[in-house]
Amino acid sequence: MLKNLEEEQPRHVIAFSNATYNLTHTTALKEINLDINEGEFVGIIGPNGSGKTTILRAILGLLLPQTGTMQIFDCACENLRCHHRARIGYLPQKGKIDRNFPITVIETVLMGRYGVRGLFRQIGKKDKAIALQALEDVGMQNFQNYPFGQLSGGQQQRIFIARALAQQPQVLLLDEPTTGIDTTTQHTILELVRRLHRELQLTILLVTHDINLISPFVDRLVLLNTRLFANGNPRDVLQYKILSQVYGDEIIVTDNGYVIGGDSHHE
Amino acid sequence: MLEFLAYEFMQRALITAFFVGGVCSWLGVFVVLRGLAFIGAGTAHAAFAGVALSYLLQIPPLLAAITFGVLTAWAAGLLEEKGRMKLDVSIGILFTSTMAMAILFIGLMKAYSAEVYGYLFGSILSVTPSEMKIIVLLSIVIISTLLAFSKELYFIAFDQDMAEASGIPARLLFFLLLTLIAVTVVLSLKAIGAMLVFAMLLIPASTAYQLTHSLRRMTRISIAIGIVTSVSGVLLSYWFDLPSGPTTVLLQTTLFFIALILPQRRTNQPDPS
């Protein structure tokens, strides 16, 4: 009986409890209460400056809460090199990468192993095999010696996803993975993420400004506006009366869903 | 033809050129990829100011040069972090103020010191046995450190955000890199001189950058260019009675422009099947 009860309770892999995060001059996230369950695919939406990227950086341990707590796998992980953090893969926002950086695809993906290996330990054959498997997982196995800078935007995102997978994570954090690529490729990337979610049983948190694009893919949507404004099934969150309170006049209803006026997502 | 090998000063010059060329060109890969060229230049002039002060105060030049070099490199790093001014402006101010210090210290000396100017222009043929030992020792320390942390330094140069997110102590390693730059500049001062050591950090790595898309290959090519041109520079300076530092740097510059105009730059681009 007890065992059945345990099976019914989803395991929280990430748990924010009344957590507040301050940046230099502003409060980025205030009194956040949020649990992410094992195996969930959660979309995080919100206007510019609402704390979308901050919440990912908080999970990564790059920010510590001023008040409240944040736990990963039931660990507060206040040490940046806590072993639990190695179980989190991360795809940062595009934009800071030098396209002319002299690096091949396999060298890029192998970087996903660096944090796992740790200081003073060199990369070996096992790491290379894991990196090649990650490339296969994203369908880029034939590109391993290809110059990273010569790939298209969509292909580069696949490589970065492979780099995150090379960490062999249980949780994957994706920050605007569909930014700067064409609509068809955006869908391909999200299809890939959904497939990885299912096949590798990954827990996924995906930050995006594109509320319509993401909603068919996720189990749950979290709407942030410094505070956690809404949290639930995409159909329940994507209501005009909810969105208009966060986006104000910027929200426009079209036949294809909602459009955020003047949308540029960077925080 | 090989009679020069019988001379001890040539043996010392060739060994020094091998280590200085190798270390500068390896570290130069990180300088180029991380965009720290100006910091390298500023550090060289700061180290020279340290040498000038050491001759003024009669203290060991190595210690003063390392202190000035490391402090300037760290100051530049902090300025980059704070980002209150554009980096080229901040480094430009550091660069000129340390050079002003060097000129001031030289002006305060009661007598002309040719040795001080030796550090400005370099004189690899006059490296003493004890100087060579220090250069080799410091080179081994730098090589060991690079071997230990190279994967993290590459990661930081490519994607600092991701490196930090992976639990790599990016800030600590950035300041380690700045320290290595300062120490490398100091160990190269006697051989190449403060005016040209910057080129040794920059040109081999920039040439290698033109020739490959692979980090590993870029590193290997840069080290090969650094060693071959440094040793060749010493030999040419012996055979043709030329100053060795400028000869080495001009050899490197020639290779850089050849790489730049090569029709098939950056090889190893297999077509995906």
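**Exercise 1. Determine which residue is the bridge partner of Asn22(A) in S2(A), and place this pair in its sheet.**

Solution. In S2(A), Asn22(A) has Thr27(A) as its bridge partner. The model is a predicted one, in which local features need pLDDT of at least 70, side-chain atom pairs count only at pLDDT 80 or more, and totals for chains, interfaces and linings use all residues. Residues are numbered from 1 along each chain as its sequence is written, while chains are lettered from A and ligands numbered from 1 in the order in which they are written.

Step 1. Strands (E, at least two residues) and helices (H or I, at least four) are DSSP runs, numbered from the N terminus. Two strands pair if DSSP finds at least two bridges between them. S1(A) and S2(A) are joined by seven bridges in the antiparallel sense.

Step 2. These strands belong to an open sheet of three strands in the order S2-S1-S4 (chain A), with antiparallel pairing. Its edge strands, each pairing on one side only, are strand S2 (27-37) and strand S4 (67-72) of chain A. On average, neighbouring strands of this sheet are turned by 20 degrees against each other, direction ignored.

Step 3. Helix H2 (residues 52-59) of chain A lies across S1, S2 and S4 of chain A and runs at about 65 degrees to S2(A). Such axes are lines fitted to C-alpha atoms, for helices over the stretch in contact, and angles run from 0 to 180 degrees between N-to-C directions.

**Exercise 2. Describe the backbone and the surroundings of Asn18(A) and Gln58(B).**

Solution. Step 1. Most residues other than glycine have a negative phi. Asn18(A), although not a glycine, has a positive phi of about 55 degrees; for Gln58(B), also not a glycine, the positive phi is about 60 degrees.

Step 2. Asn18(A) lies in strand S1 (residues 12-22) of chain A. Gln58(B) is placed in the loop between helix H2 (37-57) and helix H3 (61-82) of chain B.

Step 3. A residue is buried if 20 or more other C-beta atoms, placed from the backbone, lie within 10 Å of its own, exposed if 12 or fewer, and partly exposed in between. Asn18(A) counts as partly exposed because it has 13 C-beta neighbours inside 10 Å. Gln58(B) has 6 such neighbours inside 10 Å and therefore counts as exposed.

**Exercise 3. Describe the six-stranded open sheet of chain A and the pairing of its strands S6 and S7.**

Solution. Step 1. The order of the strands is S5-S6-S7-S3-S8-S9 (chain A), and the pairing is mixed. Strand S5 (88-91) and strand S9 (227-232) of chain A are the edge strands. Neighbouring strands here are turned by 15 degrees against each other on average, direction ignored.

Step 2. Strand S6 (residues 171-175) and strand S7 (residues 203-207) of chain A run parallel and are joined by five bridges. In S7(A), Thr203(A) is the bridge partner of Val171(A).

Step 3. Two residues are in contact if their C-beta atoms, placed from the backbone, lie within 7 Å. Leaving aside neighbours within four places in sequence, Leu173(A) is in contact with residues including Leu56(A), Ile88(A), Leu91(A) and Leu205(A).

**Exercise 4. Explain why Val31(B) counts as buried, and trace its surroundings.**

Solution. Step 1. Val31(B) is found in helix H1 (residues 8-34) of chain B. It is buried because 24 other C-beta atoms lie within 10 Å.

Step 2. Beyond four places in sequence, the contacts of Val31(B) include Leu36(B), Gly40(B), Ile181(B) and Ala205(B). Val31(B) and Leu177(B) are 146 residues apart in sequence and 8.7 Å apart in space, C-alpha to C-alpha.

**Exercise 5. State how many residues of chain A are in contact with chain B, and what confidence the predictor gives.**

Solution. Step 1. In chain A, 28 residues are in contact with 26 residues of chain B. Helix H3 (residues 105-117) of chain A gives the most to the side of chain A that touches chain B, with four residues.

Step 2. The complex has an ipTM of 0.81 and a pTM of 0.84 from the predictor. Chain B averages a pLDDT (the predictor's confidence in each residue, from 0 to 100) of 88, and 95% of its residues score at least 70. Over residues 267-273 of chain B the pLDDT is below 50. Where pLDDT is low, the predicted coordinates should not be read in detail.
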